[in-house]
Amino acid sequence: MARLSGLQKDVLALYRSILREAVRKDRKALPSSTPPPSSSSNNNVEINNRSISHPPFGQLLSISSSTAYARDQFRKEALVVRRSDFKRVEYKIRKGKKQLELLKMPGVDLVGGASGR
């Protein structure tokens with residue numbers, strides 16, 4: 001496999017960061033809208049001798065989740081930009097970093113889709 005350029009590494013790092021934050025927001029928002037998982041399910045993670053319950057990852061990828069929205073938006077933006085257009089790729093990376101900072105703000109619950117408020 002060919003080595004990745006610095007710009008490709010930046011794009012992949014941004015993509016991973018956005019997905020991580022979207023999953024974090026979805027996990028924070030999902031438990032309030034779904035019943036807690038039963039004790040027989042495998043959704044418990046043990047960290048430092050504490051059992052933490054979380055929803056299955058498949059639930060986080062539903063159509064209305066932040067994760068799905070972030071993934072779809074990233075791919076939609078990627079289709080518009082040619083790989084050889086470095087200026088536009090750099091612009092999109094800067095724009096994505098700004099959106100990531102907004103997503104990290106504590107007041108943001110979910111991204112994309114219509115809000116029920």
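**Exercise 1.** Classify Arg-88 by its relative accessible area, and then describe the salt bridge in which its side chain takes part.

*Solution.* Arg-88 has a relative accessible area of 38% and is therefore partly exposed, where buried stands for under 20%, exposed for over 50% and partly exposed for the range in between, computed with a 1.4 Å probe on protein chains only. The structure is a predicted model, in which local features need pLDDT of at least 70 and side-chain atom pairs count only at pLDDT 80 or more, while totals for chains, interfaces and linings use all residues. Residues are numbered from 1 along each chain as its sequence is written, and side-chain values use heavy atoms, with hydrogens and water left out. The side chain of Arg-88 meets that of Asp-85 in a salt bridge with an N to O distance of 3.8 Å, the criterion being a side-chain nitrogen of Lys or Arg within 4 Å of a carboxyl oxygen of Asp or Glu. Asp-85, at 23% relative accessibility, likewise counts as partly exposed.

**Exercise 2.** State how many salt bridges the structure holds, and work out where the partners Lys-92 and Glu-77 lie.

*Solution.* The structure holds 4 salt bridges. In one of them, the side chains of Lys-92 and Glu-77 meet at 2.4 Å, N to O. This pair links distant parts of the chain, since Lys-92 belongs to helix H4 (residues 86–104) and Glu-77 to helix H3 (residues 66–80), with their positions 15 residues apart in sequence; helices (H or I, at least four residues) and strands (E, at least two) are DSSP runs numbered from the N terminus. Lys-92 is partly exposed at 23% relative accessibility, and Glu-77 is partly exposed at 26%.

**Exercise 3.** Describe the surroundings of Glu-21: is this residue buried or exposed, and which residues does it touch?

*Solution.* Begin with the location: Glu-21 is part of helix H1, which covers residues 6–33. With a relative accessibility of 6%, Glu-21 counts as buried. Next come the contacts (heavy atoms within 4.5 Å): leaving aside residues up to four places away in sequence, Glu-21 touches Leu-100, Leu-103 and Lys-104. Lys-104 lies 83 residues from Glu-21 in sequence, yet their C-alpha atoms are 6.8 Å apart in space. Finally, Glu-21 forms a salt bridge with Arg-24, whose closest N and O atoms are 2.5 Å apart. The two residues are 3 positions apart in helix H1, which means that about one helical turn separates them. Arg-24 is partly exposed, with a relative accessible area of 47%.

**Exercise 4.** Identify which residues make up the nonpolar patch on the surface, and place Met-1 relative to H1.

*Solution.* The patch consists of Met-1, Leu-4 and Leu-12, which together have about 360 Å² of accessible area. Patches are made of residues with over 30% relative accessible area and no salt bridge, like charges being joined within 9 Å and nonpolar side chains (Val, Leu, Ile, Met, Phe, Trp, Tyr) within 5 Å. Accessible areas come from the Shrake-Rupley method with a 1.4 Å probe, and for residues only the protein chains shown count as cover. Met-1 lies in the segment before H1 and is exposed, at a relative accessible area of 96%.

**Exercise 5.** Summarise the protein chain as a whole, starting from its elements.

*Solution.* The chain has 4 helices and 2 strands, and the order from the N terminus is α-β-β-α-α-α. Of its 117 residues, 21% count as buried. Among contacts with a separation of 6 or more, 69% join residues 24 or more positions apart. The chain exposes about 9,000 Å², of which carbon and sulfur atoms supply 56%.
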